[in-house]
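Visitor: I am new to this structure and would like the terms explained as we go. Please show it to me before we begin.

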Amino acid sequence: MRIPLLLITSGLIGLTQPASALQSSPPPGWRWVTDAPARQSSGSERIADSTFTFVQMPPGWHITMGPGGVLYDPRYFGEGIFTLESQIFHFPNSSNGEYGFMVGGADLEGAGAHYVVFAVRGDGSVAAWERRGGQDRLLADWRRAEAVHPADGKVVIGNLFKLSVTSKEAVLKANGLDVLVLPLAGLSLDGQFGFRVGRGVNLHASTLNVTSRLAPVPAPRS
């Protein structure tokens, strides 16, 4: 039996340092899988298609991607009924690529890698898809969600995202409002979790919280 981490968190103090100025190391224990070959940048060089930066920057982590990819700590799992929550700040020098949660991860560094993504884009749209063995299957097509604060290309934009998973559905909230509801018939979200960050996206995640329900769930009314 795997016991998931119950809380990973840090508070927001300030976001004044650009990614190019970071001089730090990757978070201990974390791993990443990029969509194309790429190396971890030192933070002092310009991010290109073949580089990315993922560093500790209290509170939280700063991520600047060349190619897209997933970032996760293999020690932690979400199983059964659980909730993920993250405060994410999208920087104005980003692409319109996706960013959000990766869940249900398995064999992430292998040829048969599997995970499910719940993500938003800079334009404020949301979607979900499943990746298995390098192939994507759309679960919910991109559509604009009014609750998501879109990027304006001028200032840092913050959104609070919460993904609640039950045995029957997954609900993604942005800033306290439902933006995507996905039935889970034939789909399991048990597995490793982390971030999915698209090509050219520059962001700061100040929190990543996961909670699991241990008490029995009330039986549905007949």
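**A walk through the sheet**

Guide: F77 has Q192 in β14 as its bridge partner. This is a predicted model, so each value is computed from predicted coordinates.

Visitor: What makes β5 and β14 a pair of strands?

Guide: Two strands pair if there are at least two bridges between them. Strand β5 (residues 69-78) and β14 are joined by 6 bridges and run antiparallel, so they count as paired under that cut-off.

Visitor: Which strand does β14 (residues 191-197) pair with over 5 bridges?

Guide: That strand is β7, and the pairing is again in the antiparallel sense. Within it, G105 of β7 has Q192 in β14 as its bridge partner.

Visitor: Why is β7 called largely enclosed?

Guide: A residue is buried if its relative accessible area is under 20%. In β7 (residues 98-106), 8 of the 9 residues are buried, so the strand is largely enclosed by the rest of the structure.

Visitor: What makes β8 largely enclosed?

Guide: The reasoning rests on its buried residues: 7 of the 8 in β8 are buried, so the rest of the structure largely encloses this strand. β8 (residues 114-121) pairs with β7 over 7 bridges in the antiparallel sense, and there E98 has R121 as its bridge partner.

Visitor: Where does R121 lie relative to W142?

Guide: R121 lies over the face of W142, at 4.2 Å from the ring centre. The distance limit for a charge over a ring is 6 Å, so 4.2 Å meets it.

Visitor: How many residues separate β8 and β9 in their hairpin?

Guide: There are 3 residues between them, and G124 in the turn has a positive phi of about 90°. β8 and β9 (residues 125-132) pair in the antiparallel sense over 7 bridges; in β9, A128 is the bridge partner of F118.

Visitor: In what order do the 7 strands of the open sheet come?

Guide: The order is β1-β5-β14-β7-β8-β9-β10, with antiparallel pairing. β1 and β10 (135-144) are called edge strands because each pairs on one side only. On average, neighbouring strands of this sheet are turned by 20° against each other, direction ignored.

Visitor: How many aromatic pairs does a search of the whole structure find?

Guide: The search finds 8 aromatic pairs. In one of them, the ring centres of W32 and F52 are 5.6 Å apart and the planes stand at 70°.

Visitor: Why is the pair of W32 and F52 called edge-to-face?

Guide: Ring centres must lie within 6.5 Å, and planes over 60 degrees apart count as edge-to-face. With 5.6 Å and 70°, W32 and F52 meet both conditions, so the pair is edge-to-face. W32 is in strand β1 (residues 31-34) and F52 in strand β3 (residues 51-56), 20 residues apart, so the pair links distant parts of the chain.

Visitor: Are W32 and F52 buried or exposed, or partly exposed?

Guide: W32 has a relative accessible area of 29%, so it is partly exposed. F52, at 0%, is under the 20% limit and therefore buried. Both belong to one aromatic cluster with W30, F54, W61 and F195.

Visitor: Which residues touch the most other members of the largest nonpolar core?

Guide: Of its 43 residues, they are V103, F118, L163, L189 and F195. Another core, of 9 residues, lies apart from it and includes V70 and M102.

Technical notes: Residues numbered from 1 in each chain as written. Predicted model: local features only at pLDDT ≥ 70, side-chain atom pairs only at ≥ 80, totals over all residues. Heavy atoms only, no water. Buried < 20%, exposed > 50% of the residue type's maximum accessible area, 1.4 Å probe, protein only. Helix = DSSP H or I, 4+ residues; strand = E, 2+ residues; numbered from the N terminus. Phe/Tyr/Trp six-rings, centres within 6.5 Å; stacked < 30°, edge-to-face > 60°. Lys NZ or Arg CZ within 6 Å of the ring centre and 35° of its normal. Axes fitted to C-alpha atoms, helices over the stretch in contact; angles between N-to-C directions. Core = buried A, V, L, I, M, F, W, Y, C linked by side-chain atoms within 4.5 Å.
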